[in-house]
Amino acid sequence: MQPNTAGPSVPSSPSSAKTVDLISEALSLETLILEEGGVSQKQIDRARRIAARLSEPKPLGLVLVELGQLARSEYERLIRLHRSRLALPLILYQDGALSDEGLARYRERKSADPGLPDREILVGGNLVTEQQFLQALCVKNDIEFVEPEVALVDDSLLAKASMSYLVRQRALPFQEMEGAVAVILADPLDDRLIMDLERIFGRPVKPFGAPSDKILEALRILDRLEDSDGKDAKTSLQYRTIEDIEPGDDSGEEAVRLVDYLLYRAIEVGASDLHIEPLQSRVRVRVRVDGAMRPLTELPGSYAARVVSRIKVLGGADIAERRLHQDGRLLVKVEDREIDIRLSTYASVFGETIVLRLLDRRRGLVPLDGLGFESSVLTVLRDVVLRASSGLVLVTGPTGSGKTTTLYSFIDYVLDDSIKVITSEDPVEYVLEGVTQCSVNEKSGPTFADSLRAMLRQDPDIIVLGEIRDKVTAELGVEAALTGHKVFCTFHTEDSVSAVLRLLDMGVEPFLVSSTLSCIVAQRLLLRLCEDCRRQGRASPRDLRFLGMAPEDLGRQPVMEGVGCANCGNTGYRGRLGIHEVLLPDDDFRDAVLRRAPSRELRALTRKLPVFLTLQEDGFLKAVKGETTLSEIADNVPRDPDARPLNVLREITSTRGLV
């Protein structure tokens with residue numbers, strides 16, 4: 001018995017036409033599974049009944065796979081076959097790239113002019129991005145969509161065509177594959193261009209798809225990498241130790257060029273870290289951008305030793321030692337920008353893993369009003385916390401939460417010629433004009449404790465400790481605040497109350513903590529929604545459960561989501577957003593610290609403090625403003641089981657002037 005392929009009777013409208021499309025599409029895939037997947041109608045009916053009972057929707061074919069009635073490889077083949085038969089706009093709609101309105105506008109223009117190319121309507125009409133269009137085009141025509149990777153381009157192929165021709169045609173010859181030349185094209189269906197390329201290379205061309213801007217970017221970098229004068233400054237990178245490669249080592253010119261490229265690309269995309277990870281048969285290269293890991297490229301496994309040796313030489317590490325973890329440091333210059341790079345190697349099963357922390361000195365300082373504090377919180381920080389002449393100010397959070405950036409913003413705000421600021425950091429990440437800065441080294445010295453003792457004899461007004469790590473530095477910092485100095489420190493704790501509890505657990509006397517503590521700023525960094533492609537979305541049940549909310553708690557308040565566009569790399573996010581928990585202790589809170597009150601009592605007291613919102617509450621308010629998503633909060637913020645509902649938060653922020 002064949003499934004009924006006739007759609008339900010629906011009114012004629014863009015929305016109802018879309019519904020018919022989706023029903024027809026689902027039924028056509030079901031028919032394909034029935035006809036070619038070796039699955040009976042009885043098995044399909046059973047899978048449909050199971051799918052109807054699931055709390056989260058799941059495709060029928062996937063249910064069949066999980067029941068063992070359809071091989072996953074066969075299901076994936078049928079999916080590809082099914083999608084190849086769909087009209088291009090439906091593929092885009094199915095993938096979420098084309099909106100309801102966009103589908104209606106496409107049909108309207110296509111109906112008015114049937115001969116108009118889909119690319120002109122969809123991309124030219126700004127209904128989808130070029131990348132989204134090409135991905136759908138490649139799916140429909142069984143063409144592989146790739147990211148152009150300069151490191152893997154075969155130079156001998158590149159030399160057979162002029163750079164100006166390749167730029168004009170948006171074509172990047174890539175590699176030889178089974179007697180054919182792989183070429184990445186912005187239009188992989190351009191038969192005339194493919195014939196021209198076959199004449200140039202003298203063999204068949206296998207087309208791949210990629211957006212024209214990515215192809216042009218790769219060609220531009222390759223043009224820079226051309227060694228016109230025989231020197232080694234191919235990407236405008238000038239290494240401090242660039243000439244230190246020893247004769248006979250395994251880096252070679254190829255490794256020099258490859259490392260230059262990887263560093264250049266990481267810096268260009270704004271990465272904070274570059275990860276080079278040897279695996280069993282390949283080398284995975286990833287970057288961390290806006291706190292999230294992204295793939296950059298992959299290299300053959302044979303490249304691992306050469307790349308690692310090259311980087312270790314640049315960073316001053318021992319290239320002969322491969323069994324121990326090592327650290328190093330190097331400095332590069334890219335187009336008049338100084339990038340300080342910290343090197344860490346880790347001896348893993350498949351070879352040494354390299355992580356490079358990239359510190360762009362030009363981007364290091366963020367003004368105080370650019371950190372994301374709510375307006376009244378910012379006012380209190382300026383007029384009360386930073387203006388005070390003494391006291392301990394802690395900035396807390398996990399690694400990568402932006403503590404150092406906040407600390408430097410505080411310093412920059414208070415800095416003038418009338419005060420002396422002295423720091424002890426591990427290491428100095430950004431050089432601040434007018435500040436006496438010191439890099440500590442816990443192994444060779446000076447240590448934090450050594451530096452702090454010496455700092456007190458330097459007649460400072462403000463002391464900055466890069467991090468409180470142990471009881472000694474905690475006590476010295478607190479005592480410095482007690483003697484009339486203002487002390488800024490970072491601290492690794494989950495939230496603001498945890499910072500108080502940890503100081504007490506370290507053995508710092510409660511009266512010292514109670515009397516010196518001026519402010520605790522706990523923070524996280526969340527991904528910021530892209531302003532160019534954000535749209536109204538729906539709160540997922542999973543996120544609402546984490547936040548301890550029901551859908552009705554939102555009322556009519558919309559939440560936003562990112563669709564993905566060319567400006568955000570199709571992620572839906574661009575940049576990061578700070579959320580904060582600012583604790584300014586009052587007398588009741590100080591008394592509770594003095595008598596070592598339990599954490600629950602301290603947390604209850606914080607809700608009575610001025611300008612205090614928990615991290616979850618601050619993030620939630622930013623989410624309903626459309627700045628981030630509920631998923632970002634659920635994934636990155638400590639859960640607050642006592643979080644106040646939206647109407648209460650609005651009342652609090654209204655009466656206290658927080659927003």
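Two strands pair if DSSP finds at least two bridges between them. Strands here are DSSP runs of E of at least two residues, and helices are runs of H or I of at least four, all numbered from the N terminus.

Good morning. The model I present today is predicted, so local features need a pLDDT of at least 70 and side-chain atom pairs count only at pLDDT 80 or more, while totals for chains, interfaces and linings use all residues. Residues are numbered from 1 along each chain as its sequence is written, and side-chain values use heavy atoms, with hydrogens and water left out.

I begin with the chain as a whole. Its secondary structure comprises 27 helices and 17 strands. Of its 659 residues, 49% are buried, where buried means under 20% relative accessible area, exposed means over 50%, and partly exposed lies in between, with a 1.4 Å probe and protein chains only. The accessible surface amounts to about 31600 Å², and carbon and sulfur atoms hold 48% of that surface; such areas come from the Shrake-Rupley method with a 1.4 Å probe, and for residues only the protein chains shown count as cover. Among contacts with a separation of 6 or more, 64% are between residues 24 or more positions apart, a contact being heavy atoms within 4.5 Å.

Next, an open sheet of 3 strands. Its order is β1-β2-β3, and its pairing is mixed. β1 (171-177) and β3 (205-209) are the edge strands, each pairing on one side only. From one strand to the next, the twist averages 30 degrees. Between β1 and β2 (residues 180-185) there are 6 bridges, and these two strands run antiparallel. Which residue of β2 is the bridge partner of proline 173? That partner is valine 183. Helix α11 (residues 191-201) packs on the sheet and touches β1, β2 and β3; its direction makes about 135 degrees with that of β2. Axes are lines fitted to C-alpha atoms, for helices over the stretch in contact, and angles run from 0 to 180 degrees between N-to-C directions.

Just ahead of β1, in the loop that follows α10 (163-169), lies arginine 170. Arginine 170 is not a glycine, yet has a positive phi of about 55 degrees. It counts as partly exposed because its relative accessibility is 30%. A second residue invites the same question of backbone geometry: aspartate 459, also not a glycine, has a positive phi near 55 degrees. Aspartate 459 sits in the loop between α17 (448-455) and β12 (462-465). Is aspartate 459 buried or exposed? Aspartate 459 is exposed, because its relative accessible area is 64%.

I turn now to two acidic residues. Glutamate 130 belongs to helix α8 (residues 130-141). It counts as buried because its relative accessibility is 19%. Glutamate 130 and proline 211 are 81 residues apart in sequence, with their C-alpha atoms 6.1 Å apart. Beyond neighbours within four places in sequence, the contacts of glutamate 130 include Arg119, Ala186 and Asp213.

Aspartate 273 lies in strand β4 (residues 273-278). It is buried, because its relative accessible area is 5%. Its side chain makes a polar contact of 2.8 Å with that of serine 272. A polar contact is a pair of N or O atoms within 3.5 Å; within protein, one must be able to donate a hydrogen and the other to accept it, and residues adjacent in sequence count only if both atoms are side-chain atoms. Outside the four nearest places in sequence, aspartate 273 has contacts with Arg286, Arg288 and Arg357, among others.

The interior follows. A nonpolar core is a set of buried Ala, Val, Leu, Ile, Met, Phe, Trp, Tyr and Cys residues joined through side-chain atoms within 4.5 Å. The largest core has 63 residues, and those touching the most other members are Leu172, Leu197, Leu274, Ile276, Leu356 and Leu358. Helix α13 (residues 252-268) gives the most to this core, namely 8 residues. A second, separate core has 39 residues, including Met455, Leu465, Ala481 and Val508.

I finish with strand β10 (residues 391-396), in which 6 of 6 residues are buried. Gly391, Val393 and Val395 are on one side, with Leu392, Leu394 and Thr396 on the other, so both faces are covered. β10 pairs in the parallel sense with β13 (residues 486-491) over 6 bridges, where leucine 394 has cysteine 489 as its bridge partner. β10 also runs parallel to β14 (residues 517-529), joined by 5 bridges, and valine 393 stands opposite cysteine 519 there.
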